[in-house]
Amino acid sequence: MAHASATLVKKAVHQNTVLSRQGMLERLFSLWFSGFVYNQIWEDPDVDLEALEVDDSSRMLTISSGGCNIMNYLLASPEAVFAVDLNINHMSLARLKIEAARRLPDHDAFFTFFAKADSPINVRRYHEYIRDHLDATTRSHFDTWIFSGLNGPRINYFQDNLYDHSKLGWFLRFLHLATRLFGKHPAEILKAKTLEEQEALFNRHIAPFFDHWLVKALGRSPIMVYSLGIPPQQWDAMKADLKQTNMIEEFRYRVHRLTCDFPIQDNYFAWQALSRRYDLKNRQALPRYLKEENFDLLRANVDRAETHVTTLSAFLQTQETNSLNRFVLLDSQDWMKPEAMIELWSEIARTGQPGTRVIFRTAGEISPLEAIFPQDLKDTFIYEPELSRAMHAKDRSAIYGGFHLYRIPR
């Protein structure tokens with residue numbers, strides 16, 4: 001299964017010949033992305049649910065990533081959530097969360113497993129409550145020993161702080177070390193009581209970091225942004241969209257937005273970026289699926305989730321006409337050629353019901369669809385640019401350039 005997953009990633013990413021510079025970067029990224037990249041999702045599910053208007057008639061298709069979005073969507077009690085992903089590491093984490101919600105004895109055990117994620121008791125509970133109920137592929141994934149950064153089976157992530165691991169986790173650890181070497185302490189922002197204090201602490205502990213020559217050099221390297229899960233096509237789109245602004249200034253702007261535009265007390269994306277953990281003391285800066293008041297609802301709805309290691313288009317080709325009505329594409333189209341996007345949206349048009357809503361994010365600000373849609377798709381979908389901008393402004397993760405909402409009229 002891991003080999004099949006890597007093959008799907010290569011098919012999605014490789015768009016140029018191996019001997020070209022872009023082709024070599026694509027192959028380097030696919031090798032990088034075939035591993036464990038995200039330990040949590042970096043799209044705000046509260047914004048997704050608002051834009052999608054999810055209710056008990058919603059039949060949703062989403063990319064899984066680490067599964068946080070699946071769990072949060074289930075709290076809106078949709079009829080069904082179908083989750084797909086190319087990366088077996090991410091799908092295994094999502095399947096573990098689903099099975100843990102079914103099998104662990106109570107919320108405290110679930111919270112310790114996925115919010116704290118740093119105790120030997122999690123490994124014991126995995127073997128006692130979860131392991132024997134997993135599918136063979138997921139069970140094998142977590143039982144397999146790895147020697148890079150863990151030196152044990154993958155389930156040991158959950159006794160060694162899951163949020164220190166993954167490509168993104170390692171990248172954040174590197175950044176934290178670098179800021180300490182510069183005498184700065186970004187986690188101080190977590191102590192702020194007001195937006196004004198957040199701004200002052202950003203100027204003291206983060207802003208100077210972007211002026212260092214080493215940071216400027218690293219910011220020009222596509223290798224570094226691969227740790228953020230940004231493929232070559234997305235990197236190029238970001239640079240093209242910026243026009244006269246350099247990438248370091250763009251990174252500064254997005255980190256400022258993440259740490260200063262939303263109250264730090266409940267922005268769990270900022271907590272992960274600044275401390276590689278959630279707010280375990282006050283339990284405010286948490287994804288909704290980890291909050292105690294939502295656990296019974298999550299457990300009641302968990303059977304509504306279904307997972308598949310495949311592509312969006314391949315999954316849709318197996319579905320009946322007019323069988324779905326909510327689609328979450330994350331930033332997948334930043335990876336795609338125009339013909340692949342048209343194929344995907346043709347399948348969405350076929351499988352989507354009247355009233356369907358589709359959301360996605362982009363590295364740059366502009367939706368790529370307006371320039372490539374053939375007339376039949378232009379006639380099928382309505383783009384909502386004003387609502388899209390309003391949703392983008394609410395997204396607490398703040399790492400994307402654009403949020404986009406399309407719908408099929410009723």
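This report describes the setting of S275 and a selection of salt bridges in a predicted model.

**S275 and its surroundings**

S275 belongs to helix 15, which spans residues 268-275. With a relative accessibility of 16%, S275 counts as buried, because buried residues are those under 20% relative accessible area. A polar atom of the S275 side chain lies 2.7 Å from the backbone oxygen of W271. When residues up to four places away in sequence are left aside, S275 touches H176 and L190.

**Salt bridges**

Across the whole structure, the search finds 21 salt bridges. Among them are three pairs for which the distance between N and O atoms is listed here.

| Pair | N to O distance | Relative accessibility of the two residues |
|---|---|---|
| D135 and R95 | 3.7 Å | D135 32%, R95 15% |
| E188 and K191 | 3.2 Å | E188 29%, K191 55% |
| E249 and R252 | 3.2 Å | E249 33%, R252 16% |

The pair formed by D135 and R95 is a salt bridge between side chains, with 3.7 Å from N to O. D135 sits in the loop between helix 7 (120-130) and helix 8 (136-143), whereas R95 is part of helix 5 (residues 88-103), so this salt bridge ties together parts that are 40 residues apart in sequence. The two partners fall into separate accessibility classes: D135 is partly exposed at 32% relative accessibility, while R95, at 15%, counts as buried.

In the salt bridge between E188 and K191, the closest N and O atoms are 3.2 Å apart. Here E188 is partly exposed, with a relative accessible area of 29%, and K191 counts as exposed at 55%, since the exposed class begins over 50%.

E249 and R252 likewise form a salt bridge, and their closest N and O atoms are 3.2 Å apart. Both residues lie in helix 14 (residues 247-260), where they are three residues apart, or about one turn of the helix. E249 is partly exposed, its relative accessible area being 33%, whereas R252 counts as buried at 16% relative accessibility. Elsewhere, D44, D46, R288 and R396 are joined into one network by salt bridges that share partners.

Notes. Residues are numbered from 1 along each chain as its sequence is written. This is a predicted model: local features need pLDDT of at least 70, side-chain atom pairs count only at pLDDT 80 or more; totals for chains, interfaces and linings use all residues. Side-chain values use heavy atoms; hydrogens and water are left out. Helices (H or I, at least four residues) and strands (E, at least two) are DSSP runs, numbered from the N terminus. Buried means under 20% relative accessible area, exposed over 50%, partly exposed in between (1.4 Å probe, protein chains only). A polar contact is a pair of N or O atoms within 3.5 Å; within protein, one must be able to donate a hydrogen and the other to accept it, and residues adjacent in sequence count only if both atoms are side-chain atoms. Contact means heavy atoms within 4.5 Å. A salt bridge is a side-chain nitrogen of Lys or Arg within 4 Å of a carboxyl oxygen of Asp or Glu.
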